[in-house]
Amino acid sequence: MDTFKKVKNIITNVLTYFGIAVLVAGGVMMMCGIRPYITMSGSMEPDIQTGSVCFVNTHASFYDVQKGDVIAFQTASGALVTHRVIGVEENGMVLVTKGDNNDVEDGPTTTVENFRGETLFSIPYVGYVLVAVQQ
C-alpha cells in the first residue's frame, strides 16, 4: 500500500507542476500579445489541421505582412479566419487571402481594421479537447 501512495503522490506532483507550467507559459504569452485561437475548419490543411490551436501574435504590424504569411482576420460576420496572404494591393493597404485547401481566394478581405495578427504556430488537435471541455 505504501508503494501505491508514493506513485500516487509522484503522479499528482507531476500533474500539478505541469499545470502550473502551462498556466505560467499561457500568462507570459498573453502578456506578449500571443493569443490562442481554435481552428475548426479544414481550409488551411495540411499546414494547419482541423481542430488545431493557432497562436497569433496580436502585436504584429499589419504593414509588415507579406505574401505567404499566415494571418488571422475578422470577417464582417464576426468570425475569426486564419488564411494565407496571396497578394498585397492598394499600396499595402489591403491583403488578399486564401485558405491553402480552398479552391477560391477570399478576395481583398483584410485591412488594418479587421487584421488580428500573424499566426506563429499551431498545435494539432488540441482544439478538439478545448471545445469538449467548454461544453
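## Order of the elements

Starting at the N terminus, the elements of this protein run α-β-β-β-β-β-β-β-α. That gives two helices and seven strands, all in a predicted model.

Confidence is a good thing to check before going further. The mean pLDDT of the protein is 86, and 99% of the residues reach at least 70. Among the elements, strand 3 (residues 70-74) has the highest mean pLDDT, 94, while helix 2 (residues 126-134) has the lowest, 77. As a general reminder, predicted coordinates should not be read in detail where pLDDT is low.

## Overall shape

The C-alpha trace spans about 70 × 30 × 25 Å along its principal axes. The radius of gyration is 19 Å, whereas a compact globule of 135 residues would have one near 14 Å. Buried residues account for 28% of the 135 residues. If you look at contacts between residues at least 6 apart in sequence, 52% of them join residues at least 24 apart.

## Helix 1

Helix 1 covers residues 2-31, and its 30 residues should span 44 Å at 1.5 Å a residue. The C-alpha atoms at its ends are 43 Å apart, which agrees with that expectation. After helix 1 comes Gly 33, which has a positive phi, near 85 degrees.

## The nonpolar core

Which residues make up the largest nonpolar core? The nine are Ala 60, Phe 62, Val 65, Ile 71, Phe 73, Val 81, Val 85, Leu 95 and Phe 115. Strand 3 and strand 4 each supply at least two residues of this core.

Leu 95 is a handy member to follow in the viewer. Leaving aside residues up to four places away in sequence, Leu 95 touches the core residues Phe 62, Val 65, Ile 71 and Val 85. The contacts of Leu 95 also include Gly 87, Val 88, Gly 107, Pro 108, Thr 109 and Thr 110.

## A buried threonine in strand 4

Thr 82 sits in strand 4 (residues 80-89). Is Thr 82 buried or exposed? Its relative accessibility is 10%, so Thr 82 counts as buried, the cut-off being under 20%.

Not counting residues up to four places away in sequence, Thr 82 touches Val 70, Ile 71 and Ala 72, as well as Ser 43, Met 44, Ile 48 and Thr 119. Val 70, Ile 71 and Ala 72 lie within the residue range of strand 3.

## Aromatic pairs

The count of aromatic pairs comes to four. One of them joins Phe 55 and Phe 121: the ring centres are 4.7 Å apart and the planes meet at 20 degrees, so this pair is stacked. The pair links distant parts of the chain, with Phe 55 in strand 2 (residues 52-57) and Phe 121 in strand 7 (residues 115-123), 66 residues apart. Phe 55 is buried, at 12% relative accessible area, whereas Phe 121 is partly exposed, at 39%.

Tyr 125 and Tyr 128 form a stacked pair too, because their planes are at 15 degrees, with ring centres 6.4 Å apart. Here both partners are partly exposed: Tyr 125 has a relative accessibility of 48%, and Tyr 128 has a relative accessible area of 39%. Tyr 128 falls within the residue range of helix 2.

There is also an aromatic cluster, formed by Phe 62, Tyr 63 and Phe 115. Phe 62 and Phe 115 belong to the largest nonpolar core as well.

Definitions and conventions: Residues are numbered from 1 along each chain as its sequence is written. This is a predicted model: local features need pLDDT of at least 70, side-chain atom pairs count only at pLDDT 80 or more; totals for chains, interfaces and linings use all residues. Side-chain values use heavy atoms; hydrogens and water are left out. Helices (H or I, at least four residues) and strands (E, at least two) are DSSP runs, numbered from the N terminus. The expected span of a helix is 1.5 Å times one less than its number of residues. pLDDT is the predictor's confidence in each residue, from 0 to 100. Buried means under 20% relative accessible area, exposed over 50%, partly exposed in between (1.4 Å probe, protein chains only). Contact means heavy atoms within 4.5 Å. A nonpolar core is a set of buried Ala, Val, Leu, Ile, Met, Phe, Trp, Tyr and Cys residues joined through side-chain atoms within 4.5 Å. Rings of Phe, Tyr and Trp (its six-membered ring) pair if their centres lie within 6.5 Å; planes under 30 degrees apart count as stacked, over 60 as edge-to-face and the rest as tilted. The radius of gyration is taken over C-alpha atoms; the globule rule is 2.2 Å times the number of residues to the power 0.38.
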